[in-house]
Amino acid sequence: MSEQRIVIRVRDVMKTDFVSIDGIATVADALKKMKNCKTSVLLVNKRNDDDEYGLINSGDIARHVLAKDRAPQRVNVYEVMTKPVISVHPDMDIRYCSRLFATYNLMRAPVLDNKTVIGMVSPNALVLDGLYKIFQ
């Protein structure tokens, strides 16, 4: 007797309420946005169709601004962000997505569909929203 495997997709666990910012904005602007939106990660918008998305998180700011005693009002997001970022497809099985996160030590990944970000996924979402569904 074969057991049918349950497949949960990234689209089933991704968060669609992500926040974005332009790379030219200052780190002070990013901090205000993070605080107001209660998030520690911002998606950095593409400048044009040939550009790639970026991410800035509180760890980037701590390492590149706070630890180096730089003024957040004088540092632009593009100077400290991570770019390009590894993205995932909404139809990817969460098991493979989790492997990708483990292999590259990722904390967040944008979910792209037709070159447009439709959500963000994290290890917490993969485990608490995804793996949990399998055992319900």
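This briefing describes the fold, the surface, the salt bridges and two selected residues of one protein chain. The model is predicted. The chain contains 6 helices and 5 strands, and 36% of its 136 residues count as buried. The structure also holds 7 salt bridges, some of which are described below.

**Overall fold**

- Along the sequence, the helices and strands of the protein chain follow the pattern α-β-α-β-β-α-α-α-β-β-α.
- The C-alpha atoms fill a box of roughly 65 × 30 × 25 Å when the box is taken along the principal axes.
- Among the contacts in the protein chain with a separation of 6 or more, 58% are made by residues 24 or more positions apart.

**Surface and charge**

- The protein chain has an accessible surface of about 8,900 Å², and carbon and sulfur atoms contribute 50% of that surface.
- The chain carries 20 positive and 16 negative charges, and the mean positions of these two groups are 4 Å apart.
- Val127, Leu128 and Leu131 make a nonpolar surface patch of about 280 Å².
- Within this patch, valine 127 belongs to helix H6, which covers residues 123-134.
- Valine 127 has a relative accessible area of 45%, so this residue is classed as partly exposed.

**The salt bridge between arginine 11 and aspartate 91**

- Side chains of opposite charge can pair when their charged atoms come close.
- Arginine 11 and aspartate 91 form a salt bridge in which the closest N and O atoms are 3.2 Å apart.
- Because arginine 11 lies in helix H1 (residues 10-13) and aspartate 91 lies in the loop between helix H4 (77-80) and helix H5 (94-104), the pair ties together parts that are 80 residues apart in sequence.
- Both partners are partly exposed: arginine 11 has a relative accessibility of 38%, and aspartate 91 has one of 37%.

**The network around aspartate 51**

- Aspartate 51 forms a salt bridge with arginine 47, with 3.1 Å between the closest N and O atoms.
- The two partners of this bridge fall into separate classes of exposure: aspartate 51 is buried at 8% relative accessibility, whereas arginine 47 is exposed at 69%.
- Aspartate 51 also meets the side chain of lysine 83 in a salt bridge, at 2.9 Å from N to O.
- Lysine 83 is located in the loop between H4 and H5, and aspartate 51 in the loop between strand S2 (41-44) and strand S3 (54-57); the pair therefore ties together parts that are 32 residues apart in sequence.
- Lysine 83 is partly exposed, with a relative accessible area of 30%.
- Through shared partners, the salt bridges join Arg47, Asp51 and Lys83 into one network.

**Serine 122**

- Serine 122 is placed in the loop between strand S5 (116-121) and H6.
- The relative accessibility of serine 122 is 13%; this value is under the 20% limit for burial, so serine 122 counts as buried.
- When neighbours within four places in sequence are left aside, serine 122 is in contact with Phe101, Met107 and Arg108.

Terms used: Residues are numbered from 1 along each chain as its sequence is written. This is a predicted model: local features need pLDDT of at least 70, side-chain atom pairs count only at pLDDT 80 or more; totals for chains, interfaces and linings use all residues. Side-chain values use heavy atoms; hydrogens and water are left out. Patches are made of residues with over 30% relative accessible area and no salt bridge: like charges are joined within 9 Å, nonpolar side chains (Val, Leu, Ile, Met, Phe, Trp, Tyr) within 5 Å. Accessible areas come from the Shrake-Rupley method with a 1.4 Å probe; for residues, only the protein chains shown count as cover. A salt bridge is a side-chain nitrogen of Lys or Arg within 4 Å of a carboxyl oxygen of Asp or Glu. Helices (H or I, at least four residues) and strands (E, at least two) are DSSP runs, numbered from the N terminus. Buried means under 20% relative accessible area, exposed over 50%, partly exposed in between (1.4 Å probe, protein chains only). Contact means heavy atoms within 4.5 Å. Lys and Arg count as positive and Asp and Glu as negative; His and the chain ends are not counted. The place of a charge is taken as NZ of Lys, CZ of Arg, CG of Asp or CD of Glu.
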